[in-house]
Every structure is written in C-alpha cells, then in structure tokens.
Amino acid sequence: MDQAKYVNYIEKIVREELDNSYKRDKDLCTCDRCFQDIMTLTLNHLPPKYVASNIGHIMTMYNLTKDQLHAQVMVELLKAIEQVKRSPRH
Ligand SMILES: [Zn+2]
C-alpha cells in the first residue's frame with residue numbers, strides 16, 4: 001500500500017529560483033514554452049538528487065544542502081535564461 005515516490009529536490013530549488021527570476025527580471029518571458037525550456041536546460045546540466053517524498057525528510061535534506069547547491073543551480077539557471085532569451089522558441 002505504501003507506494004514508493006521520489007522527488008528530485010534539485011528541481012525544487014530550480015523552480016524556486018526561477019520564480020524569483022520572474023519577479024526580478026521583467027524581460028523574462030513567462031509563457032509555458034519558455035518556462036519548460038529553462039527548466040529542462042537547467043536540469044540537464046545538474047545532477048539530480050532524489051529523495052523519498054516524505055515531507056519532513058525532504059525539508060531536512062533540502063535545508064542542509066540548499067546553500068551548497070544554490071550557487072551551482074544559479075550558474076546553470078542563468079545560462080539557461082540567457083539562452084532562452086537569445087532564441088526563444090515560443
Ligand atoms: Zn515565451
């Protein structure tokens with residue numbers, strides 16, 4: 001009855017930072033196509049970190065590693081944003 005479920009918490013960080021980027025950068029297109037392009041471009045350059053989707057467990061790991069992963073995520077996210085801005089596919 002307990003289904004195994006996994007969450008890539010790198011993806012959670014990328015989503016969070018992309019949300020912040022939308023707020024900061026008004027030139028950034030928020031359409032679905034650009035959102036998906038930025039997410040996939042960024043995630044393809046980062047190693048996934050999967051954790052079982054127990055909420056408490058995720059939050060613990062997330063908080064512990066967030067700072068270390070944050071810089072790495074930002075580098076790839078900003079590269080993806082620049083690439084999508086240069087040649088949007090929408
Ligand atoms: Zn767009």
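This is a short chat about a predicted model of a protein chain with a zinc ion.

User: What should I know about the model before we start?
Analyst: It is predicted: local features need pLDDT of at least 70, side-chain atom pairs count only at pLDDT 80 or more, and totals for chains, interfaces and linings use all residues. Residues are numbered from 1 along each chain as its sequence is written, and side-chain values use heavy atoms, with hydrogens and water left out.

User: How many helices and strands in the protein chain?
Analyst: There are 3 helices and 2 strands, in the order β-α-α-β-α along the sequence. Helices (H or I, at least four residues) and strands (E, at least two) are DSSP runs, numbered from the N terminus.

User: Which residues coordinate the zinc ion?
Analyst: Cys29, Cys31 and Cys34 through SG, and His90 through ND1, at 1.9 to 2.3 Å. Donors are N, O and S atoms within 2.8 Å of the metal (3.2 Å for Na, K and Ca); water is not among the atoms, so sites may look incomplete. The spacing of the donor residues in sequence is C-x1-C-x2-C-x55-H.

User: And what is the geometry of the zinc site?
Analyst: Tetrahedral, with angles of 94 to 118° among the 4 donor atoms. Four donors count as tetrahedral if all angles lie between 85 and 135 degrees.

User: Is cysteine 29 buried or partly exposed?
Analyst: Cysteine 29 is partly exposed because its relative accessibility is 25%. Cysteine 31 is also partly exposed, at 26%. Buried means under 20% relative accessible area, exposed over 50%, and partly exposed in between (1.4 Å probe, protein chains only).

User: Changing topic. How much of the protein chain is buried?
Analyst: Of its 90 residues, 32% count as buried. One of the buried residues is tyrosine 9, at 2% relative accessibility, which is found in helix H1. The C-alpha atom of tyrosine 9 is 6.4 Å from that of tyrosine 50, 41 residues apart along the chain.

User: What does serine 21 touch?
Analyst: Leu28, Leu77 and Ile81, not counting residues up to four places away in sequence; contact means heavy atoms within 4.5 Å. Serine 21 lies in helix H1 (residues 9-24) and is buried at 4%.

User: What about glutamate 17, what is its nearest opposite charge?
Analyst: Arginine 24, with its side chain 4.9 Å away; glutamate 17 is buried yet has no salt bridge. Lys and Arg count as positive and Asp and Glu as negative; His and the chain ends are not counted. A salt bridge is a side-chain nitrogen of Lys or Arg within 4 Å of a carboxyl oxygen of Asp or Glu. Glutamate 17 touches His70, Met74 and Leu77, again leaving out residues up to four places away in sequence.

User: How many salt bridges in the whole structure?
Analyst: The search finds 4. Among them, arginine 15 and glutamate 11 pair at 3.4 Å, N to O. These two are separated by about one helical turn because they are 4 residues apart in helix H1.

User: Which other salt bridges can you name, and where are they?
Analyst: One joins lysine 85 and aspartate 25 at 2.7 Å, N to O. That pair links distant parts of the chain: lysine 85 is in helix H3 (residues 55-86) and aspartate 25 in the loop between H1 and helix H2 (32-44), 60 residues apart. Another joins arginine 89 and aspartate 37, with the closest N and O atoms 2.6 Å apart. Here arginine 89 is in the segment after H3 and aspartate 37 in helix H2, 52 residues apart.

User: Is aspartate 37 buried or exposed?
Analyst: Aspartate 37 is buried, with a relative accessible area of 9%.

Notes:
Tetrahedral: all angles 85-135°; square planar, octahedral: opposite > 155°, others 65-115°.
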